[in-house]
Amino acid sequence: MRFTSFVAATALFAALGAAPAQAQVKIGVITSATGPTAMVGIPQKNAVALLPKKIGDYTVEYISLDDGSDPTQTVTSFRKLVSEQHIDAFIGPTGSPNAMGILQFVAESGTPMLAPVGTAEVVLPMTAQKKWVFKTTQNTGIIAKALVEHMVKHHVKTLGFIGFNDAYGEDWLNVTSKLAKENGIDIVATERYQRSDSSVTGQALKIKSANPDAVLVAGTGTAAVLPQATLVKQGYKGTFYQTHGAALPAFLKLGGKDVEGTILAASLMLVLPEIADSNPSKAIAQDFIQRYQAIYKERPATFGANVYDAGLLLERAIPEAAKTAKPGTPEFRSALRDALESTKELVATQGVYTMTPEDHSGFDERGRELITVKDGQWRLAK
């Protein structure tokens, strides 16, 4: 009897050992958790812990790497994720220059990329390479249009521009120049600076001497504070506009009184208590914030939400792709790309995504709020 029981138990353990492991999807993630872009990259890296570990019938593994804000390291890390980890999809990187630098490799590997970056150039104009990229932040045009509309309403006739000397700044300069011209606003001074710069005194003096009605700063993270603070100290009294790249708590903390009255268009997350409960994204954003705070004991920057939204997009797309092919194959990656492109009315933390072959960002005006800095806090601009 004991022998029979032993044989049965042995057979059972053998059967369990021989049972196939649950099928797995592998997602690569690259963020800039160190280096000049770390204030943006850290909340993105932190958000990975909140991404779904099981989607449909599949477990999901996230392989997260830090590129140190270095575009060359982004390329090296991405190629490693593809060749060694055989990832099915990719979330990242943090910086716009980093994203632009890996487009060729993303396309060559046929790997869907969900890019939480600022520049719209990663998806516009659409090309054979960019068809593999889906952007989880609002395109520049949607944000810039809200800012220019505010300028027109407040009789801004002349504008100074200072932005990063990279893909992010270039995109903002191109979009702003077009909208300004269409609305009778003259850009009277254009200056650029590096993300790692510790001084922009020369650029600020040139802008101040042009005496524009307003100044637009196209930077991200705490680096967006430097030009504005410098101009304030030089005595400039006009209105300041910032891009959604400045939308993080550290901007308020570092800028202090120098950023009071700033106007920007950005995610509803910045002003969530003022957002109506009827807004479909409010509950999603609240849930993300609560889960993030439970782990990290601080409120997340919107940049982390861009990575979280990438998880929501994949959560919808992966089961659809799995109807066509199995994870770990080129056919699955291609089907996943197609499923992401077919996303319709997906409510997320930043707004509502509806992708098309021509639009791989998918946001409309539900993806932005006009915001100001009042008493050191983000407030809806009235």
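Colleague: How do you know that the span of helix α5, residues 140-153, agrees with its 14 residues?

Modeller: In this predicted model, a rise of 1.5 Å a residue means that the 14 residues of α5 should span 20 Å, and since the end C-alpha atoms are 20 Å apart, the expected and the computed span agree.

Colleague: Which residues of α5 are called buried, and what covers them?

Modeller: The term requires a relative accessible area under 20%, and in α5 Thr140, Ile142, Ile143, Ala144, Ala146, Leu147, Val148, His150 and Met151 are buried. The elements that cover these residues include the helix α6 (167-182) and the strands β7 (158-164), β9 (214-218), β10 (239-242), β11 (263-266) and β14 (369-374). After α5 comes His155, with a positive phi near 65 degrees.

Colleague: What makes α10 roughly perpendicular to α11?

Modeller: The axes of α10 (residues 282-296) and α11 (residues 302-322) cross at roughly 115 degrees and come within 11 Å. Angles of 65 to 115 degrees count as roughly perpendicular, and therefore α10 is described in that way relative to α11. The crossing is right-handed, and the helices meet through Ile284, Asp287, Phe288 and Arg291 of α10 and Gly304, Ala305, Tyr308 and Leu312 of α11.

Colleague: What makes β2 and β6 edge strands?

Modeller: The open sheet has six strands in the order β2-β3-β1-β4-β5-β6, with mixed pairing, and β2 (54-55) and β6 (133-135) are its edge strands because each pairs on one side only, as strands count as paired when there are at least two bridges between them.

Colleague: How do you know that the pairing in this sheet is mixed?

Modeller: Both senses are present: β1 and β3 pair in the parallel sense over eight bridges, with Val29 opposite Ser64 in β3, whereas β2 and β3 pair in the antiparallel sense over two bridges, with Ile55 having Tyr58 as its bridge partner in β3. In the hairpin of β2 and β3, two residues lie between the strands, and Gly56 takes a positive phi near 60 degrees. Strand β5 (residues 113-115) runs parallel to β6 and is joined to it by three bridges, and Leu114 stands opposite Phe134 in β6.

Colleague: Which helix lies across β1, β3 and β4, and how does it run relative to β1?

Modeller: Helix α3 (residues 71-85) lies across β1 (24-31), β3 (58-66) and β4 (89-91), at about 170 degrees to β1. Helix α12 (residues 330-341) lies across β1, β4, β5 and β6, at about 35 degrees to β6.

Key: Residues numbered from 1 in each chain as written. Predicted model: local features only at pLDDT ≥ 70, side-chain atom pairs only at ≥ 80, totals over all residues. Heavy atoms only, no water. Helix = DSSP H or I, 4+ residues; strand = E, 2+ residues; numbered from the N terminus. Expected span 1.5 Å × (residues − 1). Buried < 20%, exposed > 50% of the residue type's maximum accessible area, 1.4 Å probe, protein only. Contact = heavy atoms within 4.5 Å. Axes fitted to C-alpha atoms, helices over the stretch in contact; angles between N-to-C directions. Parallel < 35°, antiparallel > 145°, perpendicular 65-115°, else oblique. Left-handed = near helix turned anticlockwise from the far one by under 90°.
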